[in-house]
Structures are given as structure tokens and as C-alpha cells.
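Where might a reader new to a structure begin, and what can be followed from there? The paragraphs below take one path, beginning with a single helix and going on to what surrounds it.

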Amino acid sequence: MATSLMNSTSVTSEKQREQYASDGFTVIRNLIPLDKVLAVRELMMEILEGGHDWPASHFQILDPSIYKNKKGSFVPLGIQQPAKQSKVFASIADHPRLQAAMSELLGGEVSRYTDQALIKSTYIKEEQGGATFYHQDSYYWRIEPHLGC
């Protein structure tokens, strides 16, 4: 889904755009409405506990011989393309303010290449268990880093 550069009301500040240009990241508080964020959180907790009928191809899972959820099923660590399965996820992945922010940061039209969600599971007790630091996945997606947000 594409959006035009610099809508009538900017989502990002000049300082945020400068930080993104120099550091490769910025924080935009309250970008997505809280009700949508809470709905995704609730759905992710249901998914973590096996409350879904999604195809296994949507999940990155922890070793099922070690980690099981309360239902005895696998523990998902990542969800690939959740917006294809759920309107709740799509409401964030395709949110106009998110698209506008990416357009402003990247300086042109944007489209969603893919979407994913990570679950920081309480089932992982090891040090550094599931820790993911800020990074860009464009290396894996075979696009130039400056083209991804």
C-alpha cells in the first residue's frame, strides 16, 4: 500500500527525520492508537498459548522438545505475515500514520513488503533468551538498508 510524501500534517518532526538519517532509527511516540496496540497484544498472547488455527508456516518456533505452552503445543517466537491472517494485525501493518511516518523518513512513497511480530516469551528463562536488539532486516530481505524502515 503506497502513501504520498509529506501529508498535510506531518507525523514526524524534523528532529526525528534528522535522527533517522544519521542513526538509522528514531522513536515516534503514540504513532499507533493504544486500542489497536492492545488488541494486537491480546491476540499475540492468545497465539502464544495456542489459541489459533493458523498454518504452521506463519511461525518461527522454539524447540518443541524443550518449550511447550500451557496447551502442550509449540511456543512461537515469531509470526510471519500476521496481517494476512488477521484484521487485527492488518490494522497496524496498514495503519495510515505508520505509512505516513515511513514515507516521511524514507522520502518517498512506501509499500509494505512484509510484516512480522516477535513474541518475547515468558517460557524462555535462559540469559539473552529471545533478546533482539534494534536492527534492520533488509539484509535478509535483499533490499538496500536505506530503503527499509
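What follows is a walk through a predicted model, from a helix to a nonpolar core and then to a group of aromatic rings.

A convenient starting point is helix H2, which runs over residues 34-48 and so has 15 residues. From its first C-alpha to its last, H2 reaches 21 Å, close to the 21 Å expected at 1.5 Å a residue. Just after H2, glycine 50 takes a positive phi of about 90°.

The two sides of this helix can be told apart by their accessibility. Val40, Leu43, Met44, Ile47 and Leu48 are the buried residues of H2, and, seen down the axis of the helix, they fall within an arc of 140°, so they line one face of H2. On the other side of the helix, Leu34, Asp35, Arg41 and Glu42 are exposed. As for what the buried residues meet, they pack against strand S1 (59-61), strand S2 (76-80), helix H3 (87-93) and strand S3 (116-118).

From this face the path leads into the interior. In soluble globular proteins, nonpolar side chains tend to be buried together. Here the largest nonpolar core has 19 residues, and those with the most contacts inside it are Met44, Ile47, Trp54, Val75, Ile79 and Phe89. The elements that give two or more residues to this core are H2 and H3, and the largest share, five residues, comes from H2. Isoleucine 47 offers a detailed view: leaving aside its neighbours within four places in sequence, this residue is in contact with His52, Trp54, Phe59, Pro76, Ile79 and Phe89. There is also a second, separate core of eight residues, which includes Ile28, Leu31, Ile32 and Ala100.

Among the contacts of isoleucine 47 are Trp54, Phe59 and Phe89, and these names return when the aromatic rings are considered, for ring pairs link Trp54, Phe59, Phe74 and Phe89 into a cluster. The structure holds three aromatic pairs. In one of them, the rings of phenylalanine 59 and phenylalanine 74 have their centres 5.4 Å apart and their planes at 55°, so the pair is tilted. This pair links distant parts of the chain, since phenylalanine 59 lies in strand S1 and phenylalanine 74 in the loop between S1 and S2, 15 residues apart. Is phenylalanine 59 itself buried or exposed? At 9% relative accessibility, phenylalanine 59 counts as buried, because the cut-off for buried is under 20% relative accessible area.

Methods: Residues numbered from 1 in each chain as written. Predicted model: local features only at pLDDT ≥ 70, side-chain atom pairs only at ≥ 80, totals over all residues. Heavy atoms only, no water. Helix = DSSP H or I, 4+ residues; strand = E, 2+ residues; numbered from the N terminus. Expected span 1.5 Å × (residues − 1). Buried < 20%, exposed > 50% of the residue type's maximum accessible area, 1.4 Å probe, protein only. Arc of directions from axis to C-beta. Contact = heavy atoms within 4.5 Å. Core = buried A, V, L, I, M, F, W, Y, C linked by side-chain atoms within 4.5 Å. Phe/Tyr/Trp six-rings, centres within 6.5 Å; stacked < 30°, edge-to-face > 60°.
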